[in-house]
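I opened a new notebook page for this one. My plan is to go from single residues out to the whole fold.

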Amino acid sequence: MLYEHRQVGWLTVILLFAIAACICVAAAISAPSERTLSYSLVPVLLVVAALFSTLTVRVTDKRMMWFFGVSGIGRSVALGEIASIRAIKTSILEGWGIHLTWHGWLWNVAGFNAVQIVMRSGTRFAVGTPEPQAVIDAVQSAGGARGT
């Protein structure tokens, strides 16, 4: 393993837990017929918090991978397929989560620092990390890409 970092999205965790708490309070003071639906939303919010609370970026001698939570939701690319990698800044408009932006598919859990990966196929990804230069150095030291 050349590099690994797990970033916690504290804002996401706090907001989802606050929403779950508000739902519980609202359900407790609502009519009994409305409580089941309200209480059924709480486990969904807690699962979403668990799945999207962290983003791990890992670079090995052959692959770069990034995934949310425990590792179920992510990507893995062969270093030999990476054409270029560079540090970028995302904006508040691009937000967090997984979605398409002008940098390509963005995977981010907190902050605005990221690396943009351009694959030999032309596909682009932006991966959030508080340590963009460390990710770039790890990819380049494994012979995966040139910086831009």
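Before reading any burial value, I fixed the cut-offs: buried means under 20% relative accessible area, exposed means over 50%, and partly exposed lies in between. I also noted that this is a predicted model.

Entry: alanine 27. I found alanine 27 in helix H1. Is alanine 27 buried or exposed? Its relative accessibility is 0%, so alanine 27 counts as buried. I then looked up its contacts, skipping residues up to four places away in sequence: alanine 27 touches Arg35, Ser38 and Tyr39. I also checked one long separation. Alanine 27 and asparagine 113 are 86 residues apart along the chain, and their C-alpha atoms are separated by 39 Å.

Entry: cysteine 22. This residue also has its place in helix H1, which covers residues 10-29. Cysteine 22 has 54% relative accessibility, so I logged cysteine 22 as exposed. I took its C-alpha distance to valine 42 and got 9.7 Å, for 20 residues of sequence.

Entry: leucine 55. I located leucine 55 in strand S2. Its relative accessible area is 1%, so leucine 55 is buried. Which residues does leucine 55 touch, not counting those up to four places away in sequence? I listed His5, Arg6, Gln7, Trp66, Phe67, Phe68, Trp107, Asn108, Val109, Val127 and Gly128. I also looked at serine 76, which is 21 residues from leucine 55 in sequence and 13 Å from it in space, C-alpha to C-alpha.

Entry: arginine 86. I placed arginine 86 in strand S5. It has 31% relative accessibility, so arginine 86 counts as partly exposed. From arginine 86 to glutamine 133 I counted 47 residues in sequence and 8.3 Å between C-alpha atoms.

Entry: the cores. In soluble globular proteins, nonpolar side chains tend to be buried together. I therefore searched for that pattern here. The largest nonpolar core has 23 residues, and Met64, Trp66, Ile82, Val115, Ile117, Val135 and Val139 touch the most other members. Two or more residues come from each of strand S2 (54-59), strand S3 (63-68), strand S5 (82-89), strand S8 (113-119), strand S9 (124-128) and helix H3 (132-141). H3 gives the largest share, four residues. I followed up on valine 135. Beyond four places in sequence, valine 135 touches Tyr3, Val57, Met64, Ile85, Val115 and Thr129. Apart from the largest core I found another, of six residues, including Leu16, Ile23, Val42 and Leu45.

Entry: the whole chain. I counted three helices and ten strands. Along the sequence, the pattern reads β-α-α-β-β-β-β-β-β-β-β-α-β. Of the 148 residues, 41% count as buried. For the radius of gyration I noted 18 Å, where a compact globule of 148 residues would have a value near 15 Å. The C-alpha atoms fill a box of roughly 60 × 30 × 25 Å along the principal axes. Of the contacts between residues at least 6 apart in sequence, 53% join residues at least 24 apart.

Entry: surface and charge. I recorded an exposed area of about 7,800 Å², with carbon and sulfur atoms supplying 66% of it. I counted 11 positive and 7 negative side chains. The centres of the two sets lie 5 Å apart.

Note on methods:
Residues are numbered from 1 along each chain as its sequence is written. This is a predicted model: local features need pLDDT of at least 70, side-chain atom pairs count only at pLDDT 80 or more; totals for chains, interfaces and linings use all residues. Side-chain values use heavy atoms; hydrogens and water are left out. The radius of gyration is taken over C-alpha atoms; the globule rule is 2.2 Å times the number of residues to the power 0.38. Buried means under 20% relative accessible area, exposed over 50%, partly exposed in between (1.4 Å probe, protein chains only). Contact means heavy atoms within 4.5 Å. Accessible areas come from the Shrake-Rupley method with a 1.4 Å probe; for residues, only the protein chains shown count as cover. Lys and Arg count as positive and Asp and Glu as negative; His and the chain ends are not counted. The place of a charge is taken as NZ of Lys, CZ of Arg, CG of Asp or CD of Glu. A nonpolar core is a set of buried Ala, Val, Leu, Ile, Met, Phe, Trp, Tyr and Cys residues joined through side-chain atoms within 4.5 Å.
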